[in-house]
Amino acid sequence: MGNIVFSDIYGYNLTGFLPYDEKFLLKLHGYELNGKEKQYYISLVTACYNKSENVAMDLLRFSNKDTLKLQDHNGNTILMIACRNRMERVAMKILEDPVNCGLNLRNEEGYTAQMYAHVNELNNVLSKCTNVA
């Protein structure tokens, strides 16, 4: 029997790439996602947690403004995860929509995306955050 390959609706191979249980990941603070939005969100969060910058950049082309400010089981937004994992291109792309990027949201540890950008010396992101805030 061959290996099972898991892929998302966008065709990205996610085999060995999904350490997060879907129910665990989708503690979304009361926001309901339809099937396609949920798959998109899971794919984007997984790509960011796994530091797959090119996959995340491709997925951001399909972004729904509401999914960018959603928080996962730890209260992290996509922007926070990108800044924490030093994914500067992803963070800059997300900041193109300053109203919906969740810039001032805090995770369960009390951190914001801007704090992660500062700790990781993402100076371009910090500059953009300052202009947005």
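Hi everyone, here is a short tour of a few residues and the cysteines in this structure.

A word on the basis: this is a predicted model, where local features need pLDDT of at least 70, side-chain atom pairs count only at pLDDT 80 or more, and totals for chains, interfaces and linings use all residues. Residues are numbered from 1 along each chain as its sequence is written, and side-chain values use heavy atoms, with hydrogens and water left out.

Let's start with the backbone. Which residue in the loop between helix H2 (35-49) and helix H3 (53-60) would you look at? I'd pick Lys51, whose phi is near 60 degrees, a positive value in a residue other than glycine. Helices here are DSSP runs of H or I with at least four residues, numbered from the N terminus. Lys51 is exposed, at 55% relative accessibility; exposed means over 50% relative accessible area, buried under 20%, with a 1.4 Å probe and protein chains only.

Glu121 sits in the loop between helix H7 (113-119) and H8. Glu121 is not a glycine, yet its phi is positive, about 55 degrees, and at 62% relative accessibility Glu121 is exposed.

Moving into helix H8 (residues 123-132), we meet Thr130, exposed with a relative accessible area of 52%. Its C-alpha is 8.7 Å from that of Gln114, 16 residues apart in sequence.

Now the cysteines. How many disulfides does a search of the whole structure find? Zero, taking a disulfide as a pair of cysteine sulfur atoms within 2.5 Å. For Cys48, the closest cysteine sulfur is in Cys83, 9.9 Å away, so too far for a bond. Cys48 is buried at 0% relative accessibility, and Cys83 is buried, with a relative accessible area of 0%.

Thanks for listening!

Technical notes: Helices (H or I, at least four residues) and strands (E, at least two) are DSSP runs, numbered from the N terminus.
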